[in-house]
Amino acid sequence: MKKPLLIAGFLLAAGSAMAMGPHGKPNPERMMERMTQKLELNESQQAELAKIMEDARAEREDLVARMKAHRERTEEKIAGILTAEQRGRFEEMKAERKKRRAERRERFREQRASRAD
């Protein structure tokens, strides 16, 4: 029982640093290979690790979907209390926020690419 918990804790603490592939995207295969090698995991542990990682991926996807739905509901409620002019400005604010997020993501990708060189 302690080994799976230890592995899960390790995944949470160090997994993202080891598992990043090019462009800052998670690379579960790379994480499996590195953990198998560095921790000398046996076949049973590798199977358990694969299951833990798959469960975590599914949970992450569910969380992202729930967060998106929550944000959309909140924005609808906010828009519901605004005048037509305010709703227009609110939409502009959302578009600007989206643009800044995209710019930040691009800068992050460029930084990761320059570090990989």
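Visitor: Is the crossing of α2 and α3 left-handed or right-handed?
Guide: In this predicted model, local features need pLDDT of at least 70, side-chain atom pairs count only at pLDDT 80 or more, and totals for chains, interfaces and linings use all residues. Residues are numbered from 1 along each chain as its sequence is written, and side-chain values use heavy atoms, with hydrogens and water left out. A crossing is left-handed if the near helix is turned anticlockwise from the far one by less than a right angle, and right-handed if clockwise. For α2 and α3 the crossing is right-handed.

Visitor: Which residues of α3 make the contact with α2?
Guide: Contact means heavy atoms within 4.5 Å. From α2 come Pro28, Met31, Met32, Met35 and Thr36. Across from them, α3 contributes Gln46, Leu49, Ala50 and Met53.

Visitor: Which element gives the most to the largest nonpolar core?
Guide: A nonpolar core is a set of buried (under 20% relative accessible area, 1.4 Å probe, protein chains only) Ala, Val, Leu, Ile, Met, Phe, Trp, Tyr and Cys residues joined through side-chain atoms within 4.5 Å. The largest one has 6 residues, namely Met31, Met32, Met35, Leu41, Leu49 and Met53. Two or more residues come from each of α2 and α3. With 3 residues, the element that gives the most is α2.

Visitor: Why does Glu75 count as buried?
Guide: Glu75 has its place in helix α3. Beyond its neighbours within four places in sequence, Glu75 is in contact with Phe90, Lys94 and Arg97. Glu75 counts as buried because its relative accessible area is 14%.

Methods
Helix = DSSP H or I, 4+ residues; strand = E, 2+ residues; numbered from the N terminus. Buried < 20%, exposed > 50% of the residue type's maximum accessible area, 1.4 Å probe, protein only.
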